[in-house]
Amino acid sequence: MRKPAETILPIEPIIAERWSPRAYDESATVSAEQVTALLEAARWAPSFGNTQPARYLVGLRGDETYKRILATLNSGNQAWAHRAGLLLIGVMVTTNEKGEVPYAEYGLGLASQNLVLQAVSSGLIAHQMAGFSADAVRESFALPADAVPKVAIAVGSPADAAVLGDERSVQRELAPRRRIPLSEFAYAGTWGEAAL
């Protein structure tokens, strides 16, 4: 299902088409080539001083990593994410040989956005989640102290919203996308004074 952004002027299609669906086709797979492209897109994201703080735990449906990532998700996310072909955990590395990595969270965010946009470009869908247990990830994957799990990401192929089952979830999937207006988003001169 497509829900392109309704914009004042046209924007790049992969940005307009990006949203966070929960209806995944549980029979579809994500190929090794697609996974590699997603990770390459993330790897080439900008970062402060080229510190490259982003790392990913990568699980394909059916493998042990996938099962362990799925187990760290909260029950609400497990209810739909088990249908995704690929589950990832985005981790930020907070130190390197020079000490603390500045803006590590921002770097992971940029890398994850690249990954998600590459998914859209590849005809896939992606949903980023905060609803997971960072402690469970640390324990399950033996993360070092300077590796901080910040986001879970489901990637796969779209399905009809009906796979979500309950009416509330289906309606949430079908609801129009919303954003605040540009007049409340970009300011000039004084805070609150619309730039456009």
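Buried residues account for 40% of the 196 residues in the chain. The model is a predicted one, and its overall dimensions fit that of a globule: for 196 residues a compact globule would have a radius of gyration near 16 Å, and the chain comes in at 18 Å, which agrees. Laid out along its principal axes, the C-alpha trace spans about 50 × 50 × 30 Å.

As for secondary structure, the chain has seven helices and six strands. Reading along the sequence, these follow the pattern α-α-β-α-α-β-β-β-α-β-α-β-α.

Next come the aromatic side chains. A search through the whole structure turns up three aromatic pairs. One of them is Tyr24 with Trp80, a stacked pair with 5.8 Å centre to centre and 15° between the planes. Tyr24 sits in the loop between helix 1 (13-17) and helix 2 (32-43), while Trp80 belongs to helix 4 (residues 75-81), so the pair ties together parts of the chain that are 56 residues apart in sequence. Tyr24 counts as buried because its relative accessibility is just 1%, the cut-off for buried being under 20%. Trp80, at 5% relative accessibility, counts as buried too.

Another of the pairs is made by Tyr187 and Trp191, and here the geometry is edge-to-face: 4.6 Å centre to centre, with 70° between the planes. Tyr187 has 30% relative accessibility and so counts as partly exposed. Trp191 reaches 76% and therefore counts as exposed, as exposed means over 50%. To put the two pairs side by side, Tyr24 and Trp80 are stacked, whereas Tyr187 and Trp191 meet edge-to-face.

A ring also turns up in a contact with a charged side chain. Arg68 lies over the face of Phe141, at 4.2 Å from the ring centre.

Finally, there is the surface to look at. Ile8, Leu9, Ile180, Leu182, Phe185 and Leu196 form a nonpolar patch there, and together they offer about 730 Å² of accessible area. Within this patch, Ile180 is found in the segment after helix 7 (167-174). Ile180 counts as exposed because its relative accessibility is 51%, against a cut-off of over 50%.

Methods: Residues are numbered from 1 along each chain as its sequence is written. This is a predicted model: local features need pLDDT of at least 70, side-chain atom pairs count only at pLDDT 80 or more; totals for chains, interfaces and linings use all residues. Side-chain values use heavy atoms; hydrogens and water are left out. Patches are made of residues with over 30% relative accessible area and no salt bridge: like charges are joined within 9 Å, nonpolar side chains (Val, Leu, Ile, Met, Phe, Trp, Tyr) within 5 Å. Accessible areas come from the Shrake-Rupley method with a 1.4 Å probe; for residues, only the protein chains shown count as cover. A salt bridge is a side-chain nitrogen of Lys or Arg within 4 Å of a carboxyl oxygen of Asp or Glu. Helices (H or I, at least four residues) and strands (E, at least two) are DSSP runs, numbered from the N terminus. Buried means under 20% relative accessible area, exposed over 50%, partly exposed in between (1.4 Å probe, protein chains only). Rings of Phe, Tyr and Trp (its six-membered ring) pair if their centres lie within 6.5 Å; planes under 30 degrees apart count as stacked, over 60 as edge-to-face and the rest as tilted. A charge sits over a ring if NZ of Lys or CZ of Arg is within 6 Å of the ring centre and within 35 degrees of the ring normal. The radius of gyration is taken over C-alpha atoms; the globule rule is 2.2 Å times the number of residues to the power 0.38.
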